[in-house]
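This report describes one protein model, part by part. Please keep the sequence and the structure in view while reading.

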Amino acid sequence: MENITNYIQQNKDRFINELIEILKIPSVSADSAYSQDVIDTSEAVKLSLEKAGCDKVEICETNGYPIVYAEKIIDPNLPTVLVYGHYDVQPPDPIELWTSPPFEPVIKKTNIHPEGAIFARGACDDKGQMYMHVKAFEYMIQSNTLPCNVKFMIEGEEEVGSVNLKSFVENNAAKLKNDVILISDTGMISNQQPSITTGLRGLSYVEVEVTGPNRDLHSGLYGGAVANPINILSKMIASLHDENNRITIPGFYDEVEELSLEERAEMAKAPFDIENYKKALDLKDVYGEEGYVTNERNAIRPTLDVNGIWGGYTGQGAKTVIPSKAFAKISMRLVPNQDWEEITELFTKHFIAIAPKAVTVKVTPHHGGQGYVTPIDSIGYKAANMAYTETFGIPAIPVRSGGSIPIVALFEKELKSKTILMGFGLDSDAIHSPNEHFGIFNYLKGIETIPLFYKYFVELSK
Ligand code: BES
Ligand code: MN
Ligand code: MN
């Protein structure tokens with residue numbers, strides 16, 4: 001049987017077309033208008049795993065969207081790799097900013113992807129990266145080189161907090177038993193410099209509601225005499241950061257792990273160009289917590305951000321009104337050791353405490369999860385690094401990411417195994433943004449690198 005590079009060359013059009021078919025289904029988990037599409041996508045993923053050569057493929061129903069589980073057990077005495085990914089995607093909004101429709105995938109060339117990239121919602125996060133594993137597995141089956149057992153667990157609720165996956169993992173520890181968990185749902189530094197994600201931030205996501213008068217009021221008749229919930233909410237939100245951009249919630253930093261100067265110096269070795277960073281985002285300057293550089297601010301430091309804020313009149317023209325209510329969605333990115341439930345509680349207490357008597361405040365927690373850090377001396381990390389070194393020609397650099405995959409910390413707790421985050425996306429791939437894309441180079445490189453991870457993981461496990 002041919003080697004992997006030949007196999008990819010011969011099959012790459014099919015690999016791309018199969019992914020395009022999956023990308024056409026709008027599996028937006030956050031919006032119930034798409035619920036049938038999310039379910040259809042789980043079926044498409046199931047079918048692809050069957051075709052690739054899994055023995056047992058199941059749709060596991062949950063209280064929400066189904067989890068696709070599949071396995072190929074070749075010898076119970078060999079190690080088992082558990083692959084996790086998600087088939088749900090973020091909403092495509094704002095849809096008018098897409099240069100081509102989000103669920104009609106097209107291949108376009110970009111400066112960073114001269115070989116072309118597939119533009120579609122979910123191309124990189126995570127359908128494209130998840131499907132690399134299906135195709136890498138197909139190759140190992142076709143070439144008779146699968147060196148160990150594989151289990152796949154592909155969920156449909158990652159973008160809304162993996163709420164039902166939690167109990168699935170807790171109730172199915174034996175079924176999911178593995179020696180290492182492999183995930184491609186993160187990024188790497190560049191197409192010339194691979195990296196392995198060694199940390200993820202935790203998350204606490206809340207919604208707040210501030211109520212003033214019991215109805216919208218004429219802003220002339222009542223203005224100045226009653227609390228305007230939007231004014232109050234803005235003030236409250238502004239007070240959550242001090243002049244050094246540190247978060248003012250009492251106790252917020254208590255458990256934050258402070259990295260040593262040596263560790264920070266090590267982090268600073270990863271290639272990063274602040275001028276390019278600003279240019280890519282059309283920024284005159286960066287902004288963040290005093291005392292930390294950009295790559296620390298977005299990885300090893302916790303944050304608090306308003307994700308959306310609304311209330312009052314936002315239609316055409318002017319309407320003079322004091323709204324009855326104002327709302328905001330607020331996320332806090334957390335670092336290892338900060339407990340997300342504790343932080344949610346600290347936020348709630350503080351937010352209620354700082355509200356003036358003239359308004360009523362309600363805080364509704366949405367979802368959350370713990371942060372994650374993983375050592376670089378594990379067998380899994382070494383195997384991943386060997387795989388990258390072989391396909392990219394240089395070793396991977398360990399990088400802590402600012403993003404969150406809340407379920408990863410739970411995997412370690414319940415399944416007692418380490419997760420290896422082999423991401424092939426780039427920050428410029430615009431995940432969650434308009435015009436999300438995934439480089440053809442990255443897609444095929446992923447398919448090429450994954451079988452080597454299996455090979456080296458099994459070798460190092462002996
Ligand atoms: N794949 C991302 C997380 C990610 C992307 C981590 C790039 C590191 C690098 C994941 O799908 C995601 O978007 N997670 C959410 C959290 C979730 C609970 C909605 C996030 O980070 O906002
Ligand atoms: Mn993802
Ligand atoms: Mn995502």
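## Alanine 173 and its surroundings

Alanine 173 sits in the loop between helix H4 (163–171) and E7. The model is a predicted one. With a relative accessible area of 33%, alanine 173 is partly exposed. Leaving aside residues up to four places away in sequence, alanine 173 touches Glu414 and Leu415. Alanine 173 lies 232 residues from isoleucine 405 in sequence, and the two are 19 Å apart in space, C-alpha to C-alpha.

Leu415 belongs to helix H11 (residues 407–415), where it is one of the buried residues. The others are Ile407, Val408, Ala409, Leu410 and Phe411. After H11 comes lysine 416, with a positive phi near 60°.

## The manganese ion (ligand 2)

Which atoms coordinate the manganese ion (ligand 2)? They come from His86 (NE2), Asp125 (OD) and Asp185 (OD), with Asp185 (OD) listed twice, at 2.0 to 2.4 Å. Along the chain, the donors follow the spacing H-x38-D-x59-D. Aspartate 125 is in the loop between strand E5 (117–119) and helix H3 (127–142), whereas aspartate 185 is in the loop between strand E7 (180–183) and strand E8 (195–200). This pair links distant parts of the chain, 60 residues apart.

Aspartate 125 and aspartate 185 are both buried. The arrangement around the manganese ion (ligand 2) is irregular because its six donor atoms subtend angles of 56 to 166°. For comparison, ideal angles at a metal are 90 or 180 degrees for six octahedral donors.

## The manganese ion (ligand 3)

The manganese ion (ligand 3) has as protein donors Asp125 (OD), Glu159 (OE), Glu159 (OE) and His432 (NE2), which lie 2.1 to 2.5 Å from it. The six donor atoms around the manganese ion (ligand 3) subtend angles of 56 to 154°, so this arrangement is irregular. In sequence, the donor residues are spaced D-x33-E-x272-H. Aspartate 125, in the loop between E5 and H3, and histidine 432, in the loop between strand E17 (419–421) and strand E18 (437–439), are 307 residues apart and link distant parts of the chain.

Aspartate 125 coordinates both the manganese ion (ligand 3) and the manganese ion (ligand 2), and the two ions are 3.6 Å apart. Is each of these two donor residues buried or partly exposed? Aspartate 125 has a relative accessible area of 7% and is buried. Histidine 432, at 38% relative accessibility, is partly exposed.

## Two domains

The protein is divided into domain 1 (2–200 + 371–461) and domain 2 (202–256 + 302–369). Eleven residues from domain 1 and seven residues from domain 2 take part in the contact. Taken over C-alpha atoms, the centres of domain 1 and domain 2 are 35 Å apart.

About 670 Å² is buried between domain 1 and domain 2, and carbon and sulfur atoms give 57% of this area. On the domain 1 side, Gly371, Ser404 and Pro406 supply 53% of the area buried against domain 2, more than any other three residues. How many salt bridges does the rule find across the interface of domain 1 and domain 2? The number is zero.

## Salt bridges

In the whole structure, a search finds 24 salt bridges. One of them joins the side chains of glutamate 209 and lysine 325 (3.0 Å, N to O). The partners link distant parts of the chain, with glutamate 209 in strand E9 (residues 202–211) and lysine 325 in strand E13 (residues 325–334), 116 residues apart. Glutamate 209 is buried at a relative accessible area of 18%, while lysine 325 is partly exposed at 33%.

Arginine 301 and glutamate 258 also form a salt bridge, and their closest N and O atoms are 3.4 Å apart. Arginine 301 lies in the loop between helix H8 (294–297) and strand E11 (303–311), and glutamate 258 in the loop between helix H5 (229–238) and helix H6 (261–267), so the pair ties together parts that are 43 residues apart in sequence. Arginine 301 counts as buried, at 2% relative accessibility. Elsewhere, salt bridges that share partners join Arg14, Glu18, Lys135 and Glu138 into one network.

Technical notes: Residues numbered from 1 in each chain as written. Chains lettered and ligands numbered in written order. Predicted model: local features only at pLDDT ≥ 70, side-chain atom pairs only at ≥ 80, totals over all residues. Heavy atoms only, no water. Donors = N, O, S within 2.8 Å, 3.2 Å for Na, K, Ca; no water. Tetrahedral: all angles 85-135°; square planar, octahedral: opposite > 155°, others 65-115°. Helix = DSSP H or I, 4+ residues; strand = E, 2+ residues; numbered from the N terminus. Buried < 20%, exposed > 50% of the residue type's maximum accessible area, 1.4 Å probe, protein only. Domains from an automatic or database assignment. Contact = heavy atoms within 4.5 Å. Buried area = accessible area lost by both parts, 1.4 Å probe. Salt bridge = Lys/Arg side-chain N within 4 Å of Asp/Glu carboxyl O.
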